[in-house]
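Trainee: I should like to learn how to read the features of a fold one at a time. May we begin with the way in which a helix is covered by its surroundings?

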Amino acid sequence: MTNDGMSGRILSDDIVPAGKPWSGVVEAGRLLRIVDLEGRQGVDFLCYNARDTLERYSAPNTIKKSRTLRLTEGHVFYSDIGNPMFTIVGDTCQGYHDTIGGCCGAATNAMLYDVPDCPGCRENLLAAIGEHGMGRRDMVPNLNFFCHVPVYEDGRLAERTFVDGPSRAGDHIELRAEMDAIVAISNCPQVNNPASGGKPTPIRVVIREAA
Ligand SMILES: [Zn+2]
């Protein structure tokens, strides 16, 4: 695969097929880039302190400290005990990353869309954190990159929570680890709402040293 303008030594470079999970460890100071190869692809994301997985991503802490629901370059993901976990250092998708919608999964596909036996990101994230000795008790509300969950003025959400994703082929988000972190990703298989544009596609996940 090409460097795509990425400086610094590449440590891992993976294509995650449509609908599949990924996990990895990103050491403090290293960069994690997630590329939406074909566009309009939702990517569910969770992170944990690799030294003590009791510490994990906190959506409320991150939202309150950033004072926005729409995270972009310069914003920091905070843990449940208030420590910086990742800083967004690159974002070609102008902050269209959902902080409140959470993941899809078999239970919510049945609850929301009356679609039975349809697993999704929850099952993927459980598989991803399972590779690091974690399970259901460790699941917390996640971030969704390249996803648009508009909140209307009266507080209402869209009929299917998600509306069409705004990302184009090649859009990426780049994160700098502020601690040694375990990352769990689900390349969202959802077809019952527009989180993945109705047609899930592959993504690229690159870990590299900062230049
Ligand atoms: Zn999903």
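Mentor: In this predicted model, the place to begin is helix H3, residues 121-130. The cover over the buried residues of H3 includes strand E2 (21-26), strand E4 (43-49) and strand E9 (181-187).

Trainee: How many of the ten residues of H3 are buried?

Mentor: Seven of the ten are buried, and the helix is mostly covered. The buried residues are Cys-121, Arg-122, Asn-124, Leu-125, Leu-126, Ala-128 and Ile-129.

Trainee: In what order do the strands of the open sheet of four strands lie, and in which sense do they pair?

Mentor: The order is E2-E9-E4-E7, and the pairing is antiparallel. E2 and strand E7 (143-145) are the edge strands, each pairing on one side only. On average, neighbouring strands of this sheet are turned by 25 degrees against each other, with direction ignored. H3 packs on this sheet and touches E2, E4 and E9, and the direction of the helix makes about 150 degrees with that of E9.

Trainee: How many bridges join E4 to E9?

Mentor: Seven bridges join these antiparallel strands. As one point of register, Val-43 stands opposite Asn-187 in E9.

Trainee: Which strands make up the open sheet of six, and in what order?

Mentor: That sheet has the order E1-E10-E3-E8-E6-E5, with antiparallel pairing. Its edge strands are strand E1 (10-16) and E5, each of which pairs on one side only. From one strand to the next, the twist averages 20 degrees.

Trainee: How should the register be followed across that sheet?

Mentor: One follows bridge partners from strand to strand. Strand E3 (residues 31-36) and E8 run antiparallel and are joined by six bridges, and Leu-32 has Leu-175 in E8 as its bridge partner. E6 and strand E8 (residues 171-177) also run antiparallel, with five bridges between them. There, Phe-86 stands opposite Ala-177 in E8. Strand E5 (residues 76-78) pairs with E6 in the antiparallel sense over three bridges, and Phe-77 stands opposite Phe-86 in E6.

Trainee: What connects E5 and E6, and which residue in the turn has a positive phi?

Mentor: The two strands form a hairpin with five residues between them, and Gly-82 in the turn has a positive phi of about 80 degrees.

Trainee: Let us turn to single residues. Is Asp-91 buried or exposed?

Mentor: The reading rests on a count of neighbouring C-beta atoms: a residue is buried if 20 or more others lie within 10 Å of its own. Asp-91 is buried because 20 other C-beta atoms lie within 10 Å. This residue lies in strand E6. Leaving aside neighbours within four places in sequence, Asp-91 is in contact with Thr-72, Glu-73 and Ile-173. By contrast with such contacts, one may also consider a separation: Asp-91 and Pro-60 are 31 residues apart in sequence and 21 Å apart in space, C-alpha to C-alpha.

Trainee: Why is Thr-92 classed as partly exposed?

Mentor: Thr-92 is partly exposed because 16 other C-beta atoms lie within 10 Å. Thr-92 is found in the loop between strand E6 (84-91) and helix H2 (106-113). Its contacts, apart from neighbours within four places in sequence, are with Asp-171 and His-172. Between Thr-92 and Val-35, which are 57 residues apart along the chain, the C-alpha separation is 9.8 Å.

Trainee: How should one read a nonpolar core?

Mentor: In soluble globular proteins, nonpolar side chains tend to be buried together. Here the largest nonpolar core has 49 residues, of which Cys-47, Ala-181 and Ile-185 touch the most other members. Not counting residues up to four places away in sequence, Ala-181 touches Val-26, Cys-47, Tyr-48, Asn-49, Ala-50, Met-85 and Phe-86.

Trainee: What is the radius of gyration of the protein, and what would a compact globule have?

Mentor: With 211 residues, a compact globule would have a radius of gyration near 17 Å; the protein has 16 Å, which agrees. The C-alpha atoms fill a box of roughly 45 × 35 × 35 Å along the principal axes. Of the 211 residues, 43% count as buried.

Trainee: How many helices and strands does the protein have, and what pattern do they follow along the sequence?

Mentor: There are three helices and ten strands, in the pattern β-β-β-β-α-β-β-α-α-β-β-β-β. Among contacts between residues at least 6 apart in sequence, 75% join residues at least 24 apart.

Note on methods. Residues are numbered from 1 along each chain as its sequence is written. This is a predicted model: local features need pLDDT of at least 70, side-chain atom pairs count only at pLDDT 80 or more; totals for chains, interfaces and linings use all residues. A residue is buried if 20 or more other C-beta atoms lie within 10 Å of its own, exposed if 12 or fewer, and partly exposed in between; C-beta atoms are placed from the backbone. Two residues are in contact if their C-beta atoms, placed from the backbone, lie within 7 Å. Two strands pair if DSSP finds at least two bridges between them. Axes are lines fitted to C-alpha atoms, for helices over the stretch in contact, and angles run from 0 to 180 degrees between N-to-C directions. A nonpolar core is a set of buried Ala, Val, Leu, Ile, Met, Phe, Trp, Tyr and Cys residues joined through C-beta atoms within 7 Å. The radius of gyration is taken over C-alpha atoms; the globule rule is 2.2 Å times the number of residues to the power 0.38.
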